[in-house]
Amino acid sequence: MPKYVAALDQGTTSTRCILFDHSGKVVAVAQKEHQQIYPKPGWVEHDPLEIWRNTQEVVSRAVETIKSPSSVVSIGITNQRETTVVWERETGRPVYNAIVWQDTRTDGICNELAKDGGQNRFQTKTGLPLATYFSGPKIKWILDNVPGARQKAESGELLFGNMDTWVIWNLTGVHVTDVTNASRTLLMDLQTLEWDEEILGLLGIPRSMLPKICSSSEIYGHVVGATHESPLRGIPVCGDLGDQQAALFGQTCYNPGEAKNTYGTGCFMLLNTGEKPVLSKNGLLTTLGYKIGNQPAVYALEGSIAITGALVQWLRDNLGMIEKSSDVEALARSVDDAGGIYFVPAFSGLFAPYWRSDARGVIVGMTRYVNKGHIARATLEATAYQTREVLDAMEKDSGVKLTALKVDGGMVFNELLMQFQADLLGVPVIRPKVAETTALGAAYAAGLAVGFWKNYNELRLNWGKDKEWGPSMPAEKRDQLYAGWKKAVTRTFNWIE
């Protein structure tokens, strides 16, 4: 009987369960969207209980497809990172909605911390700037603002987790995270891979709330049937990677200098830098790439962009310019270029390489000539420009010149965007056969833990190229367009006083 590995991909807009066979092919998939909650401008929340219900549903639906739950050998988890949940140890009830990575409400907390030592105060320890993006300040906000939360936390009654921890805790009853997720909290020391007591003290976060930090590939626990009758009861949960690190792992970027870019709600480029952390001087994050069992941890440089695919959703949901996200390509192709406009989507401030929470979105260069086709085209081009900015920073930090870019995520089926991306970078852009590399990376980690796959070479053999786009734009035009983008970005600064 064939065997499979299940991956639970708990993303920003939906939760999916995907089953993979030994060759890395998708054999079953089930997906369900969850509600995006916007209580105030800049605030973004999810209901953790809704996400847990959806998780159970997609597992059941995916497993039904294969008719034999016992053929699933292990489960890997991958998740939207930094999104913060605090819940009661006894009841499992969240004390507040999950605060999503895009949320900017912790701006005041970050500014207060930056008064002593600046925005890079914790960079040498954590690899991260002080920014609203990370989980630590979000935990502090919940403890400071939810009545009774701080008291309960100090008496050991509350638990914290990013979404991986929340899902694993509900599946197994075990309170753990992995090094990649822990490295996104602003609370973990990059060298020791332990929670940092000094930073916990400064943020007023009791150590008892925090999960145990594990590797990305080991048995954390087994699915229990106490709260629900899961079809995967008794199966080990043994892979855990934040979504972008999972994509790096799924794209088989196991050598220093190998990079991938994921085009999802946001855009995330990761470059494997090997077994030593490289601190960025150019606005990138130093993060854990992965840690497999007892092997040394592997580090990465990351460029995080907040709004890419989310901008297409915004055209669909807020402006009603398209019916479904995939319609954006046809609309963008109705014109030859962006008509002289640039769309800088600083909806949650600017992430890499600027880290400006005072920025807000702008469309510049508007004339009477501009129509909705131009806006659609500028929407797609914004993703490519932001990627180019991150790549420039990466090359400066690492001294490594990129020769090709492996890409994945929902937007890589947009041919217009992929061609423009290759043109703007001046290097080939390569889409793999399995575009579900985030879920695949979580499956690989879970499969390695139980010997379903033996080693990296076996995983590399699964990787295959689907399509490649080569650059065709003259360098002069590329430079001219990019200079216009740089000018447009400056128009977003200092908007929030």
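This passage describes the aromatic pairs, an aromatic cluster and the charge-over-ring contacts of a predicted model.

A search of the whole structure finds 28 aromatic pairs. One of these is formed by Y133 and F134, whose rings are tilted with respect to each other, with 4.8 Å from centre to centre and 40 degrees between the planes. Y133 and F134 are both buried. These two residues also belong to one aromatic cluster, in which they are joined by W101, F268, F351 and W355.

A further pair, that of Y385 and F420, is edge-to-face, the ring centres lying 5.6 Å apart and the planes enclosing an angle of 85 degrees. Because Y385 is located in helix α12 (residues 372–398) whereas F420 is located in helix α13 (residues 415–425), this pair ties together parts that are 35 residues apart in sequence. With regard to solvent accessibility, Y385 has a relative accessibility of 2% and therefore counts as buried, and F420, at 10% relative accessibility, likewise counts as buried, since the term applies to values under 20%.

Aromatic rings in the model are also found in contacts with arginine side chains. The charged end of R356 sits over the ring of F493, at 4.2 Å from the centre of that ring. In a second contact, the ring of Y482 has the charged end of R388 over it, and here the distance to the ring centre is 3.9 Å.

Conventions:
Residues are numbered from 1 along each chain as its sequence is written. This is a predicted model: local features need pLDDT of at least 70, side-chain atom pairs count only at pLDDT 80 or more; totals for chains, interfaces and linings use all residues. Side-chain values use heavy atoms; hydrogens and water are left out. Rings of Phe, Tyr and Trp (its six-membered ring) pair if their centres lie within 6.5 Å; planes under 30 degrees apart count as stacked, over 60 as edge-to-face and the rest as tilted. Buried means under 20% relative accessible area, exposed over 50%, partly exposed in between (1.4 Å probe, protein chains only). Helices (H or I, at least four residues) and strands (E, at least two) are DSSP runs, numbered from the N terminus. A charge sits over a ring if NZ of Lys or CZ of Arg is within 6 Å of the ring centre and within 35 degrees of the ring normal.
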